[in-house]
Amino acid sequence: MDLLSEFDCMKYSALTSPLDPTVKLSVEEGPLLPDPSHFRKLVGKLNYLTNTRHDMSYSVQCLSQYMQSPREPHLKAAYHVLRYLKGDPNLGIFLSNNKDYRVRAFCDSDWAACPDSRKSVSGYVVLLGDGPISWKSKKQHTISLSSAEAEYRAARQVVGECQAAPHIAKNPVFHERTKHIEVDCHFVRDQVHEGLITLHHISTNE
């Protein structure tokens, strides 16, 4: 609540999503902010909150790309996150006393999500039983030429039970389409063959 008061957000209504899904932010779209420090301070504090609010990870990762030259749409999106936070400011991590302490991991990728570079975004969450213990959302370093490649890069990051391309991981025959990601594929496949991880496809509907 202190953060909402500091940035004069108490007067605005709460929102149900951390980012507007209809808005695509860009590096050069919109007027530059006269005081970029205001945006940087806000995003820095939101980034700190992602230590306990994994539901904001993707949004903060997105906003962090514009720290060098923030513009008005970027600040508006940052305030959108604040208004989302206002809806449930006390939400945090719950670790239950469930006796199932299996480690499960889920990952996904947003292929060519960045409108400026067309790089994909990876995201994952690792659960101990029902409780989240690790999570991350990050833009991939290189451009993926297909959604399967982007998902395999996400699988490489989490190296666990995740949504990716498990049929490639279980198939010892590599073809031309996967040649450029053989390093990631071999790494994940080795873990599968050693029995250290298993890969499962999760339907989008689930």
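**Figure 1. Lining of the largest pocket in the predicted model.** Helix α4 supplies the largest share of the lining of the largest pocket, namely six residues. In this predicted model, the largest pocket has a volume of about 570 Å³. Its lining comprises 24 residues, and those closest to the pocket centre are L19, D20, V23, L25 and A77. Two elements, α3 (57–64) and α4 (72–87), each give two or more residues to this lining. Sorted by class, the lining of the largest pocket holds 15 nonpolar, three polar and six charged residues.

**Figure 2. The second largest pocket.** The second largest pocket encloses about 310 Å³ of space. Sixteen residues line this pocket, with Y58, G123, Y124, K136 and S137 lying nearest its centre. Helix α3 and the strands β1 (103–110), β2 (121–128) and β3 (131–139) are the elements that give two or more residues to the lining of the second largest pocket. By class, seven nonpolar, six polar and three charged residues make up the lining of the second largest pocket.

**Figure 3. Arrangement of secondary structure.** The protein contains seven helices and three strands. Along the sequence, these elements follow the pattern α-α-α-α-β-β-β-α-α-α. Of the 206 residues in the protein, 39% are buried.

**Figure 4. A nonpolar patch on the surface.** Six residues, I93, L95, Y101, V103, L128 and I133, form a nonpolar patch on the surface. Together, the residues of this patch have about 580 Å² of accessible area. One of them, I93, is located in the loop between α4 and β1. The relative accessibility of I93 is 34%, so this residue counts as partly exposed. I93 also passes the accessibility cut-off for membership of a patch, because that cut-off is over 30% relative accessible area.

**Figure 5. The salt bridge between K11 and D8, with the backbone of D8.** The side chains of K11 and D8 form a salt bridge, with a distance of 3.2 Å from N to O. K11 is classed as exposed because its relative accessible area is 58%. D8, by contrast, has a relative accessibility of 44% and therefore counts as partly exposed. D8 is placed in the loop between α1 (2–6) and α2 (36–49). The phi angle of D8 is positive, at about 50°, although D8 is not a glycine. For context, most residues other than glycine have a negative phi.

**Figure 6. The salt bridge between R53 and D55.** The side chains of R53 and D55 meet in a salt bridge of 3.0 Å, taken from N to O. R53 counts as buried because its relative accessibility is 3%; the class of buried residues is limited to those under 20% relative accessible area. The partner D55, at 24% relative accessibility, counts as partly exposed. This salt bridge therefore pairs a buried residue, R53, with a partly exposed one, D55.

**Figure 7. The salt bridge between R102 and D100, and a network elsewhere.** R102 and D100 form a salt bridge in which the closest N and O atoms are 3.1 Å apart. R102 has a relative accessible area of 52% and is therefore exposed. D100 is partly exposed, because its relative accessible area is 29%. In addition, salt bridges that share partners link E6, K41 and K45 into one network. Over the whole structure, the search finds seven salt bridges.

**Figure 8. The backbone at R118.** R118 lies in the loop between β1 and β2. Although R118 is not a glycine, its phi is positive, at about 60°. With a relative accessibility of 45%, R118 counts as partly exposed, because this class runs between under 20% for buried residues and over 50% for exposed ones.

Key:
Residues are numbered from 1 along each chain as its sequence is written. This is a predicted model: local features need pLDDT of at least 70, side-chain atom pairs count only at pLDDT 80 or more; totals for chains, interfaces and linings use all residues. Side-chain values use heavy atoms; hydrogens and water are left out. On a 1 Å grid over the protein atoms alone, a cavity is a set of points where a 1.4 Å probe fits but cannot get out, and a pocket is an open set with protein on both sides within 12 Å along at least five of seven lines; lining residues have an atom within 4 Å of a point. Grid points are joined across faces, edges and corners, and a volume is the space filled by probe spheres set on the points. Helices (H or I, at least four residues) and strands (E, at least two) are DSSP runs, numbered from the N terminus. Ala, Val, Leu, Ile, Met, Phe, Trp, Tyr, Cys and Pro count as nonpolar, Asp, Glu, Lys and Arg as charged, and the others, Gly among them, as polar. Patches are made of residues with over 30% relative accessible area and no salt bridge: like charges are joined within 9 Å, nonpolar side chains (Val, Leu, Ile, Met, Phe, Trp, Tyr) within 5 Å. Accessible areas come from the Shrake-Rupley method with a 1.4 Å probe; for residues, only the protein chains shown count as cover. A salt bridge is a side-chain nitrogen of Lys or Arg within 4 Å of a carboxyl oxygen of Asp or Glu. Buried means under 20% relative accessible area, exposed over 50%, partly exposed in between (1.4 Å probe, protein chains only).
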